Structures are given as C-alpha cells and as structure tokens.
Amino acid sequence: MPRIEYKDLRGPQQPLSSAEMRAAVERAHEIQKRRYAESGIMFNSELNGKKLREHVILDPPSAQLLERSFAALGLSVRAHDRILKIARTIADLEGQSEIRADHVAEALQYRVLDKKINPHTLFG
C-alpha cells in the first residue's frame, strides 16, 4: 500500500458536502442496479457465494493485501466477504469499475476500527 505524504494530507482537497455525498451515493446505486439488472439483486450488500466471486474480482496487489490481512487479523469467511462487499462499494462511490488495493485497504480500516484491532498487526 503506498504511503501518503504529509503534504497530501494538508492539500487543497475539501471534504464532500452533504449534497455531493448524496449525489455520489445515488450514482453508486445506479451503477449497482445496472450491474445486477439480470441477477435479481440490486445492491452490493446482497452479494454472496458465487455472485460475490463473480462481481468482486481483485487484482494481484489487492488479493495479496486481503490474504495477508486474513491471516494477520484472523478474519472469518463472513468478515472476508463483508470486506469484499465494502471494497466493491468504495470503488462504486469513486466511479471505478476495478477494485484497487486502496479500496481494499479502506474496507480493512473500517473492519479494524469496528473490531478495535491494532492496525500495526496488519500494516506494520
């Protein structure tokens, strides 16, 4: 996972307004509705089993990060699948068709926060 430079944290980027965030969520919902139009589901949260593996394809760096995390954090299969769904949603919110390692890392961070796991276990 690439390191973030301090100057990038202090840059001109402003947080999204509520209206901008709402628009991003609506776009993500539309992406998901189109993606799953023929499958009988509407949203990433409904993915499981074969459909999850079909629609959440990780590139090698993303897969390696998730594999290391699975071992380091002692994740269950359920947690693994939840992280995949969240990573897919993060990519959708960014309008990205591909899931990248930074999407997986963000999804893992939410899991770490949720479980109060020491992030150094995973990220060194």
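**Figure 1. The neighbours of Asn44 in the predicted model.** Leaving out residues up to four places away in sequence, Asn44 touches Gln32, Arg35, Tyr36, Lys85, Arg88, Thr89 and Asp92. Asn44 itself sits in the loop between α2 and α3, the latter covering residues 49-55. Buried or exposed, then, for this loop residue? Asn44 has a relative accessible area of 1%, so it counts as buried, the cut-off being under 20%.

**Figure 2. A closer look at the Asn44 and Thr89 side chains.** Zoom in on one of those neighbours, Thr89, and you'll find a polar contact: the side chains of Asn44 and Thr89 come to 3.0 Å in this pairing.

**Figure 3. A nonpolar patch on the surface.** Here we move on to Leu16, Met21, Val25 and Leu93, which make up the patch. Together, these four residues offer about 310 Å² of accessible area. Pick out Met21 and you're looking at part of helix α2, which spans residues 18-35. Met21 has 38% relative accessibility, so it is classed as partly exposed, between the 20% and 50% cut-offs.

**Figure 4. The whole chain, for orientation.** Stepping back, the chain has seven helices and zero strands, so reading from the N terminus just gives α-α-α-α-α-α-α. Of its 124 residues, 29% count as buried. The accessible surface of the chain adds up to about 8,600 Å², and carbon and sulfur atoms account for 54% of that. As for contacts with a separation of 6 or more, 57% are between residues 24 or more positions apart.

Terms used
Residues are numbered from 1 along each chain as its sequence is written. This is a predicted model: local features need pLDDT of at least 70, side-chain atom pairs count only at pLDDT 80 or more; totals for chains, interfaces and linings use all residues. Side-chain values use heavy atoms; hydrogens and water are left out. Patches are made of residues with over 30% relative accessible area and no salt bridge: like charges are joined within 9 Å, nonpolar side chains (Val, Leu, Ile, Met, Phe, Trp, Tyr) within 5 Å. Accessible areas come from the Shrake-Rupley method with a 1.4 Å probe; for residues, only the protein chains shown count as cover. A salt bridge is a side-chain nitrogen of Lys or Arg within 4 Å of a carboxyl oxygen of Asp or Glu. Helices (H or I, at least four residues) and strands (E, at least two) are DSSP runs, numbered from the N terminus. Buried means under 20% relative accessible area, exposed over 50%, partly exposed in between (1.4 Å probe, protein chains only). A polar contact is a pair of N or O atoms within 3.5 Å; within protein, one must be able to donate a hydrogen and the other to accept it, and residues adjacent in sequence count only if both atoms are side-chain atoms. Contact means heavy atoms within 4.5 Å.
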